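User: Hi, could you walk me through this model, one question at a time?

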Amino acid sequence: MKLLNFKNVYENPLPQLESRPCYFPNLCETDDGTLLCCFHMGQAMEAIN
């Protein structure tokens with residue numbers, strides 16, 4: 001495997017004001033070779049948001 005490019009998927013715009021960590025990232029490759037990334041985002045592991 002060779003890393004060709006690197007980019008943040010998500011960055012909290014105001015980390016000093018609100019905690020927004022991301023959990024359980026997943027990657028999958030589509031039929032055309034595009035990588036699709038998804039994740040859960042909330043203030044805490046058990047938060048309702």
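User: Which residue does Glu29 stand opposite in β2?

Analyst: Happy to help, and a word on conventions comes before the pairing. This is a predicted model, where local features need pLDDT of at least 70, side-chain atom pairs count only at pLDDT 80 or more, and totals for chains, interfaces and linings use all residues. Residues are numbered from 1 along each chain as its sequence is written, and side-chain values use heavy atoms, with hydrogens and water left out. Across in β2, the residue opposite Glu29 is Leu35.

User: How many bridges join strand β1 and strand β2, and in which sense do they pair?

Analyst: Strands here are DSSP runs of E with at least two residues, helices are runs of H or I with at least four, and both are numbered from the N terminus. Two strands pair if DSSP finds at least two bridges between them. The protein chain has zero helices and two strands. Strand β1 covers residues 22-29 and strand β2 covers residues 35-41; their pairing is antiparallel, over six bridges.

User: Which residue in the hairpin of β1 and β2 takes a positive phi?

Analyst: Five residues lie between the strands of this hairpin. The phi in question is near 95 degrees, and the residue is Gly33.

User: What is the bridge partner of Leu27, and how far in space is Asn26 from Cys37?

Analyst: Leu27 has its bridge partner in β2, namely Cys37. Asn26 lies in strand β1 and, leaving aside residues up to four places away in sequence, touches Leu36, Cys37 and Cys38, where contact means heavy atoms within 4.5 Å. Asn26 and Cys37 are eleven residues apart in sequence, yet their C-alpha atoms are separated by 5.6 Å.

User: Why is Cys28 not bonded to Cys38?

Analyst: A disulfide is a covalent bond between the sulfur atoms of two cysteines. The rule asks for a pair of cysteine sulfur atoms within 2.5 Å, and by it the count comes to zero disulfides. Cys37 is in no disulfide either, as the nearest cysteine sulfur, that of Cys38, is 6.3 Å away. For Cys28, the closest cysteine sulfur is also in Cys38, and the gap is too far for a bond because it comes to 6.7 Å.

User: Is Cys37 buried or exposed, or in between?

Analyst: Buried means under 20% relative accessible area and exposed means over 50%, with partly exposed in between (1.4 Å probe, protein chains only). Buried residues make up 4% of the 49 residues in the protein chain. Cys28, at 40%, is partly exposed. Cys37 has a relative accessible area of 29%, so it counts as partly exposed.

User: How many residues line the largest pocket, and how do they divide into nonpolar, polar and charged?

Analyst: A pocket is an open set of points on a 1 Å grid over the protein atoms alone where a 1.4 Å probe fits, with protein on both sides within 12 Å along at least five of seven lines; lining residues have an atom within 4 Å of a point. Eleven residues line the largest pocket, and Leu3, Asn5, Lys7, Leu27 and Leu35 lie nearest its centre. With Ala, Val, Leu, Ile, Met, Phe, Trp, Tyr, Cys and Pro as nonpolar, Asp, Glu, Lys and Arg as charged, and the others, Gly among them, as polar, the lining divides into eight nonpolar, one polar and two charged.
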